[in-house]
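Me: I am new to this structure and would be grateful for a close look at one helix and its surroundings. Please define the terms as they arise.

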Amino acid sequence: MHPITDPVDPRSAAQAGGSVEGAAGARWFGEVRAFVVRHPRWVDGMLAAAIGLVNAHRSLEGSGVVGVACYVVVHLILAWRRAAPVAVCWSVFGLSLLTLLLVGIRVEGLYPEAVIAVAVYTVARHGPLRHLVPIVVVVETLALSASLVAGPQWTAVGFVTFGLAAAVLLGLVVRTRRAYLAELEDRARRLERDRDQRAEIAVAAERARIARDMHDIVAHHLSVMVTLADAATLTAGTSPDDAVAAMRHVSGTGRQALGEMRRVLGLLHTDPDPHPAPQPQPGLADLDALVAGVRAAGLRVEVTVEGVPGDLGAGAELAVYRITQEALTNVLKHAGVSSRSEVRLRYTGGRVELEVTDDGPGAPGSGGGPDGGRDGGPDGGWDGGRDGGWDGGPGDVAVEGRGDGRGMTGMAARAAAYGGRFTAGPRPGGRGWSVRATLDGGGGEDGP
């Protein structure tokens, strides 16, 4: 039995062969072009030798050794045409005339038109354009004068004029095309640099955002857990049931912290799934659970809501949640569970105004901030307005002092990302603390 083979389509085989030949041709052309770019002097020398050999057998007929030497020099100069195009052009033109008038080289074939045309082309292609017009005028004038002296030879004049115009136009076209390609390459390099810079900025912003989220998650949940653990320790002997309930809250808070950390750190992992399921981030709907957890730690929190939430977007809702979380965490850390806190939310269209206040200690110099107070500036307060008021415009952010970029500074950055305003400082009267933020939905980073 013979093995069964699939028939080969001759058209497919021909197309495959043509593709291979095309690739080989493109590769060969690329190698030749690379050689030309690396060794321009060699290429120009070979070009000069080729022009000289084409015209030598007719132009050098009957000339002596001096004529041959001058003929070689005229063509040899073309090897430096790119380095000094104007000087080479005038030298070639002048020596060509001298060889015709003094040495006795014959005007036959394409000599001296070919060598002069190459020199003129080089000026149009590589040289300063202000020298091009004088060269063309001189060459055309002498060609016309020689034609009139030897008798009207309009065919020869037309040939010289056509060759000169072709050399000039070809040089200008190639010059323009090379300049256009150079501009495109430069633009591509600039776009690539801009893309890399934008990518670096995006990576830095994402790292800063993840750092803020991690700070908020760890600081809040650890503060709640420490407070609950202290309460369980104090009530273990007198009220075991309350101690058990407190430890259950510790366990639940820890699990919640682990879940939020997994969501944040999951953004750093490479997922093989091209369409991974989005991980939900906390928003306005999770504020009740946040407040409930703080209340379980023993802090008295009242929530006041005015208006109906508009279309803020997931990013703005996350910012409101994190600011509230950080503010309540600071209350636990600096004011303690013996104080009372109030969270006020006011929704007006696509804007939300948030204020978190407490009546506990924590005025400047009393707590654990960088300077003894809460996480604020050297004076213990954060105020974006000159008069310390709340009537700032969009984008006003209080960023004074030596914050670590994640406490007060982090809250201010979240508000600024949505064209909002942030202030924090002691309440009027010197007791308690106030945190205020205004955010506009639809701006900033939409999403987590």
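Reply: The following account takes one short helix, its cover and its crossing with another helix.

This is a predicted model, in which local features need pLDDT of at least 70 and side-chain atom pairs count only at pLDDT 80 or more, while totals for chains, interfaces and linings use all residues. Residues are numbered from 1 along each chain as its sequence is written, and side-chain values use heavy atoms, with hydrogens and water left out.

The chain has eleven helices and five strands, taken as DSSP runs (helices H or I, at least four residues; strands E, at least two) numbered from the N terminus. Helix α11 covers residues 408-416. Seven of the nine residues of α11 are buried, that is, under 20% relative accessible area with a 1.4 Å probe, counting protein chains only. They are M408, T409, G410, M411, A412, R414 and A415. These buried residues pack against α7, α10 (314-335), β4 (421-426) and β5 (433-440).

The axes of α11 and α7 (residues 154-235) come within 11 Å and cross at roughly 125°; axes are lines fitted to C-alpha atoms over the stretch in contact, and angles run from 0 to 180 degrees between N-to-C directions. That angle makes α7 oblique to α11, since angles under 35 degrees count as roughly parallel, over 145 as roughly antiparallel, 65 to 115 as roughly perpendicular and the rest as oblique. In the contact (heavy atoms within 4.5 Å), α7 supplies R209, R212, D213 and D216, and α11 supplies G410, A413 and R414.

Notes. Buried means under 20% relative accessible area, exposed over 50%, partly exposed in between (1.4 Å probe, protein chains only).
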